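Trainee: Got a minute? I have a structure open and I'd like to walk through it with you.
Mentor: Sure, pull it up and ask away.

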Amino acid sequence: MKKALSLILVVLMVTALFGCAQTATTPGGETVTLTGTGEGFGGEVTVTVTKEGDKIIEVVPVGANETPGIGDKAINELPAKIVEANSPDVDVIAGATITSKAIIYAVKNALDPAANPWPIPKEEVPVVEVPKGEAGPIVKVGLGQNISIGKSKSATADATAVAQADVTIAAVGFDADGKVASVTIDVAQTKVNFDKDLKVTSDREAEAKSKKDLGPDYGMVGASSIGKEWFEQMAAFENWMIGKTADEIAGLKVKERDESHKNVPDVPELTSSVTITVESYIAAVKEAWENAEDANGAVAVGLGVETHIGSSKDKAADVKPMAQMDTYMTAVAVDADGKVVKSIVDVAQVKVNYDENGTLTTDLAVEPQTKKELKEKYGMVGASSIGKEWFEQMYAFEDWMVGKTAEEITGLKVKERDANHKSVPDVPELTSTVTITVEGYQAVVEEAMANAIKAGPIVKVGLGQNISIGKSKSATADATAVAQADVTIAAVGFDADGKVASVTIDVAQTKVNFDKDLKVTSDREAEAKSKKDLGPDYGMVGASSIGKEWFEQMAAFENWMIGKTADEIAGLKVKERDESHKNVPDVPELTSSVTITVESYIAAVKEAWENAEDANGAVAVGLGVETHIGSSKDKAADVKPMAQMDTYMTAVAVDADGKVVKSIVDVAQVKVNYDENGTLTTDLAVEPQTKKELKEKYGMVGASSIGKEWFEQMYAFEDWMVGKTAEEITGLKVKERDANHKSVPDVPELTSTVTITVEGYQAVVKEAIANVR
């Protein structure tokens, strides 16, 4: 897919050399002709815009490949609207949404090419505040780290001694161009507290939690100017790094926020999501690149981190107090079968020493080194029965792990060598190379692999939905009638174990408003935007107790679902927050990120699983959603008022070349009826069915020239799309059958199976492919 996109971008950049031309047509400069380009249904749409002073006097669009009878409607009608408004900010032409948007963008490109460039920059649709960039397959993996003990304190008259080690760790996968394809960063921020007698008061037996392990319990929200926890800010920063090289990341523009925050991102895409100092994180990624090793065949990289303080010492007769913080860390690259391609393991054995009075004797300005950095200086050779240093033995253990699953690694046969070496490998292939205790390394590798493989490859794809019209209202003496349809949609990819490998959820929340005469006042021509389309304009932040928009909360909920089965998701513990929020997540990992009611989203995922179809070979799944209200009716002599909200939806699974493996398309044709007085006659308690759910009840057979129902024709169209790109699907040759069927397939393989108009389905599939995750 990446190669195909690269070719497209090259072609577009060449085209750009001829676009956006601006030429004055009179010596006085009062009349100016401008040209611009936009992306239409069948390819490029160009416009010529003529201005006199500040007034647009003519717009001439050309779209040779736009659908006859559909796209030419926008080409013929939209220019007059733009001239009349003296602006490209006009509504689209109903039924020709894509061509309309292309003309509008092309005019904007002509008027202000800097703000509206052509080619249009290609980005994935953001699923959190910071969109991910693009990178190729993982070919290298690196482990980077840096350590600070600068926050350690001596004992004083007013305070006891405390040692602190901040070990920043990055596990990074890089593509062939050195771009970050996968990155996970964590910090083992470990403290060892002493009492006034210089005895350790911290729990020596407990594993110290990292910042990501702590999650919302880290407690940054209260001090955060943007109300975000550390793990949330780090997720945004990690997303920003995808598709960038280590040098590009190191070149991030930063600013000093205050004395404690000297390197805060100073770029628009991170302003509202990352206000933490990022210097140490960037340094860890840079080191990961410098130390990166081959990992061809890897599909994912995981980070494992564990810290223990059990070797710390109390003050005693002949012993000075000492804090020891041992952080085990690993970056593990795994293949599609969950087997190790490459593992890199290291240990930061950090010691902070005090004298008998509790005064620090360790130089806090000197960064401690890991065991691998120390190499021969670690000094194990003298005590080793095989004459090998720690780093040599670890290299041998890393090599042994290649090709093995987590179960095989943790199932290694071990023996007790002595009181200090209780789990030494006891297999012939390691006898002469590894005599260190490996239990801690096995545990951290197992954790890294679990973090890398939340789910396996996609083998099934499902489309799930549910519909509510319960918020529709009759007309009253004080209020006009309003119809509302809430169509919740989930496109989900599942692995062989039924775990969610990819999920995108959206809601088409559409309203049709009537006036006192029961005439529709909502814009019939405009495409109704979904909640994700609205983004920050949905306007939830003001009412949110956690200051998060709907799309941000949904991104967090989608992330939580990855690696879980539909049943596990349905078993989520929820609570009633208030009368309007009866099913809010009640688990620690979602407390600070999701406060919306999730019942309908869970139901959509559950249905997606129940209806899932084979999608072997898929690498990603996308969701497409479009809603129109153009068929709604005003009250008239023989016509009762009716709101019709048609939501087109699709889940599309694509392969690595961007070709369709499986597409599932459906339409929710929701009708809300009123009598002549504006009183609802539709039963709001009955959930409307989609066209596929209705099957024969939809009743198309009688009007079909080929005697086939809608669902049968759609199955045939879905089958035709398999193996095709978005460009091939939208480039399908079509014909006008009659006034109501303006884009019917005109190719032999569909003549006897598909006689429905397909433009809307092509558009929504194209959108889904653009949105694949």
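Trainee: Let's start with aspartate 197: is it buried, partly exposed or exposed?
Mentor: Aspartate 197 is partly exposed, because its relative accessible area is 42%, which falls between the 20% limit for buried and the 50% limit for exposed.

Trainee: And where does aspartate 197 lie?
Mentor: You'll find aspartate 197 in the loop between strand 7 and helix 4. Look at threonine 160 as well: the two are 37 residues apart along the chain, and their C-alpha atoms are separated by 8.8 Å.

Trainee: Before I go on, what is the mean pLDDT of the protein?
Mentor: Keep in mind that this is a predicted model. The mean pLDDT of the protein is 90, and 93% of its residues reach 70 or more.

Trainee: Which elements have the lowest and the highest mean pLDDT?
Mentor: Helix 1, residues 2-16, has the lowest at 35, and strand 24, residues 660-673, has the highest at 98. Around that helix, the pLDDT is below 50 over residues 1-28, a stretch with 42 contacts in the model beyond near neighbours in sequence. Residues 122-129 also stay under 50, with 21 contacts beyond four places in sequence.

Trainee: OK, new topic, sheets. What is the strand order in the open sheet of 3 strands?
Mentor: The order is 11-12-13, and the pairing is antiparallel. Strand 11 (300-308) and strand 13 (340-353) are at the edges with a single partner strand each, so each has one side without a neighbour in the sheet. From one strand to the next, the twist averages 15 degrees.

Trainee: How many bridges hold strand 12 and strand 13 together?
Mentor: There are 13 bridges between strand 12, residues 322-334, and strand 13. Within that pairing, tyrosine 328 sits opposite valine 347 of strand 13.

Trainee: Which helix packs on the sheet?
Mentor: That's helix 11, residues 439-452, which touches strand 11, strand 12 and strand 13. Its direction makes about 140 degrees with that of strand 11.

Trainee: Now aromatics. How many aromatic pairs are in the whole structure?
Mentor: A search turns up 16. One of them joins tyrosine 328 and tyrosine 441: the pair is tilted, 5.3 Å centre to centre, with 45 degrees between the planes.

Trainee: Why does that pair tie together parts that are 113 residues apart?
Mentor: Tyrosine 328 belongs to strand 12 and tyrosine 441 to helix 11, so the pair connects parts separated by that many residues in sequence.

Trainee: What else pairs with tyrosine 441?
Mentor: Tryptophan 390 does, in an edge-to-face pair with 5.9 Å centre to centre and 70 degrees between the planes. Tryptophan 390 is in helix 9 (residues 390-401) and tyrosine 441 in helix 11, 51 residues apart, so to speak a link between distant parts of the chain.

Trainee: Are those two buried or exposed?
Mentor: Both tryptophan 390 and tyrosine 441 are buried; for tyrosine 441 the relative accessible area is 4%. Together, Tyr328, Trp390 and Tyr441 form one aromatic cluster.

Trainee: Switching to helices: why is helix 5 largely enclosed?
Mentor: Because 10 of its 12 residues are buried. Among them are Trp230, Phe237 and Trp240. The buried residues of helix 5 pack against strand 7 (180-193), helix 4 (211-214), helix 6 (246-250) and helix 7 (279-290).

Trainee: What comes after helix 5?
Mentor: Glycine 243 follows helix 5, and its phi is positive, near 90 degrees.

Trainee: How many residues of helix 17 are buried?
Mentor: 9 of the 12 residues in helix 17 are buried, which leaves it mostly covered. They include Trp710, Phe717 and Trp720. The partners they pack against include strand 24, helix 16 (691-694) and helix 20 (759-770). Helix 17 is followed by glycine 723, with a positive phi near 85 degrees.

Trainee: Last one: how many residues sit between the strands in the hairpin of strand 3 and strand 4?
Mentor: There are 2, and glycine 53 in that hairpin takes a positive phi near 65 degrees. Strand 3 and strand 4 (residues 55-62) pair in the antiparallel sense over 7 bridges, with valine 49 bridging to valine 59 in strand 4.

Definitions and conventions: Residues are numbered from 1 along each chain as its sequence is written. This is a predicted model: local features need pLDDT of at least 70, side-chain atom pairs count only at pLDDT 80 or more; totals for chains, interfaces and linings use all residues. Side-chain values use heavy atoms; hydrogens and water are left out. Two strands pair if DSSP finds at least two bridges between them. Helices (H or I, at least four residues) and strands (E, at least two) are DSSP runs, numbered from the N terminus. Axes are lines fitted to C-alpha atoms, for helices over the stretch in contact, and angles run from 0 to 180 degrees between N-to-C directions. Contact means heavy atoms within 4.5 Å. pLDDT is the predictor's confidence in each residue, from 0 to 100. Buried means under 20% relative accessible area, exposed over 50%, partly exposed in between (1.4 Å probe, protein chains only). Rings of Phe, Tyr and Trp (its six-membered ring) pair if their centres lie within 6.5 Å; planes under 30 degrees apart count as stacked, over 60 as edge-to-face and the rest as tilted.
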